[in-house]
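Visitor: I am new to this structure and would like a close look at a single part of it, with each term explained as it comes up.

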Amino acid sequence: MPKIQIMMERCKGCERCNDACPQGIVKMSKDLNAKGYNYASVVEPSRCIGCRLCAISCPDVAIEVFIEGAQYEFFAY
Ligand code: SF4
Ligand code: SF4
């Protein structure tokens with residue numbers, strides 16, 4: 001299963017990752033980070049398909065996607 005790591009303190013709450021996720025599983029938290037923004041979080045990580053669109057869409061490089069096994073091979077281009 002892909003693992004998503006969101007560095008919440010880098011997040012500025014722009015919601016681009018939220019819009020980009022085809023699974024609709026990146027949501028904005030109700031809590032604020034140290035900068036005062038609602039930060040992104042993954043609400044149903046088991047539904048992640050490892051497409052990396054959330055990470056690619058983040059202008060602040062706040063998201064990393066780790067993929068192992070067959071999915072890693074598929075996306076290793
Ligand atoms: S890798 Fe794709 S499916 Fe997974 S959280 Fe990011 S955008 Fe959504
Ligand atoms: S795209 Fe990046 S900065 Fe914008 S809400 Fe998502 S994690 Fe935060």
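In what order do the elements of the protein run from the N terminus on? And from there, please take me to Cys21 and its surroundings.

Guide: This is a predicted model, in which local features need pLDDT of at least 70 and side-chain atom pairs count only at pLDDT 80 or more, while totals for chains, interfaces and linings use all residues. Residues are numbered from 1 along each chain as its sequence is written, and chains are lettered from A and ligands numbered from 1 in the order in which they are written.

From the N terminus on, the order is β-α-β-β-α-β-α, which gives 3 helices and 4 strands; helices (H or I, at least four residues) and strands (E, at least two) are DSSP runs, numbered from the N terminus. Cys21 lies in the loop that links helix H1 (16–20) to strand S2, and S2 covers residues 26–32.

Cys21 counts as buried because it has 21 C-beta neighbours inside 10 Å; the cut-off for buried is 20 or more other C-beta atoms within 10 Å of a residue's own, with 12 or fewer for exposed and partly exposed in between, the C-beta atoms being placed from the backbone. Of the 77 residues of the protein, 18% count as buried.

Leaving aside residues up to four places away in sequence, Cys21 touches Val26, Leu53 and Cys54, where contact means C-beta atoms, placed from the backbone, within 7 Å. Leu53 is 32 residues from Cys21 in sequence, yet their C-alpha atoms are 6.2 Å apart in space. Cys21, Leu53 and Cys54 are also among the residues that come nearest to ligand 1, together with Cys48 and Cys51; 17 residues surround this ligand, a residue being near if its C-beta atom, placed from the backbone, lies within 6 Å.

Two of the contacts of Cys21, Val26 and Cys54, are among the residues that touch the most other members of the largest nonpolar core, which has 14 residues; such a core is a set of buried Ala, Val, Leu, Ile, Met, Phe, Trp, Tyr and Cys residues joined through C-beta atoms within 7 Å. Strand S1 (3–6) and strand S3 (38–42) each supply at least two residues of this core, and S3 gives the most, with 3 residues.

Val26 also leads on to S3, where its bridge partner is Val42. S2 and S3 run antiparallel and are joined by 4 bridges, strands being paired if DSSP finds at least two bridges between them.
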